[in-house]
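Here are a few friendly notes to read alongside the structure. Take them one at a time, and find each residue on screen as you go.

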Amino acid sequence: MCSSDLALALHAGALGVPFLPTYTSMGSDIFTRNPDLVEFSAPFTDEKMVAVRAITPDVCIVQAQRSDVYGNAHVWGNFGSATDAARAAKHVIVVTEEIVAPKVISSDPNRTVIPGFLVSAVCEVPFGAHPSPIQGYYNRDDNYYAEYHKGTKTRADFEAWLQRSVLGVKDRAGFMETLGADRVAGLAVR
């Protein structure tokens with residue numbers, strides 16, 4: 001399934017419909033490998049289209065800039081499919097850079113793209129999206145991506161990275177310590 005088909009599948013899930021029609025994937029052989037894509041003749045026009053089956057994930061994890069304790073989350077920047085994924089999912093976990101007072105959230109309602117009534121849990125995890133960026137908080141850690149790609153070319157290299165960066169650290173704070181304070185400070189938005 002291509003990324004546009006995935007986005008449509010999540011959008012269908014968010015809308016509560018069984019599928020959405022599209023022209024993407026037409027002319028490919030993806031239908032032989034993916035039963036969630038079906039070619040059909042459109043009503044009214046009889047033109048060939050693709051039906052993309054809705055996706056309703058059990059859990060959606062959404063990264064937010066800030067949230068209150070009720071899960072009302074402010075997100076700004078590129079949403080991607082996050083809002084549709086949150087609305088399609090049975091449970092939503094908001095991972096937020098900071099938990100703020102409800103009055104901070106209500107002071108800027110246009111940024112509340114994930115409403116608390118959708119949210120099952122809120123986790124305050126500063127630098128929770130690292131090495132990806134969070135607009136207004138920190139930049140993308142390009143060096144981390146480069147180090148990962150260079151250091152995981154073989155299965156053995158990947159296993160060593162996994163032990164060092166995931167399994168070998170006690171918790172998130174332990175991982176952040178492996179980065180070093182100077183590196184973390186250098187990623188801050190100025």
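1. Let us start with T96: is this residue buried or exposed? In this predicted model, T96 has a relative accessibility of 0%, so it counts as buried, the cut-off for that class being under 20%. You will find T96 in strand β6.

2. Now look at what surrounds T96. Leaving aside residues up to four places away in sequence, T96 touches Q63, A64, Q65, R66 and S67, and also V122, C123, E124, V125 and P126. The side chain of T96 also reaches the backbone oxygen of E98, at 2.9 Å.

3. Which strands pair with β6? One is β4 (residues 59-67), which pairs with β6 (residues 91-99) in the parallel sense over eight bridges. Within this pairing, R66 stands opposite E98 of β6. Another is β8 (residues 119-124), joined to β6 by five bridges, again in the parallel sense. Here V94 has V122 in β8 as its bridge partner. As a general point, strands of a sheet pair through backbone hydrogen bonds, either parallel or antiparallel.

4. Step back to see the whole sheet. Five strands form an open sheet, and reading across it gives the order β7-β5-β4-β6-β8, with mixed pairing. Why do β7 and β8 each have one side without a neighbour in the sheet? Both stand at the edges, β7 being residues 112-114, and each has a single partner strand, so one side is left free of a neighbour in the sheet.

5. The antiparallel part is worth a look too. Strand β5 (residues 73-74) and β7 run antiparallel and are joined by two bridges. Try tracing the bridge from A73, whose partner in β7 is I114.

6. For another residue to study, turn to K48, which lies in strand β3 (residues 48-53). How does K48 count in terms of exposure? Its relative accessibility is 46%, so K48 counts as partly exposed, a class that lies between the 20% and 50% cut-offs.

7. Finally, check the surroundings of K48. Not counting residues up to four places away in sequence, K48 touches Y23, M26, E39, F40 and S41. Y23 makes a nice exercise: K48 and Y23 are 25 residues apart in sequence, while their C-alpha atoms are 8.1 Å apart in space.

Note on methods: Residues numbered from 1 in each chain as written. Predicted model: local features only at pLDDT ≥ 70, side-chain atom pairs only at ≥ 80, totals over all residues. Heavy atoms only, no water. Pairing = 2+ DSSP bridges. Helix = DSSP H or I, 4+ residues; strand = E, 2+ residues; numbered from the N terminus. Buried < 20%, exposed > 50% of the residue type's maximum accessible area, 1.4 Å probe, protein only. Contact = heavy atoms within 4.5 Å. Polar contact = N/O pair within 3.5 Å; in protein donor to acceptor, adjacent residues only side chain to side chain.
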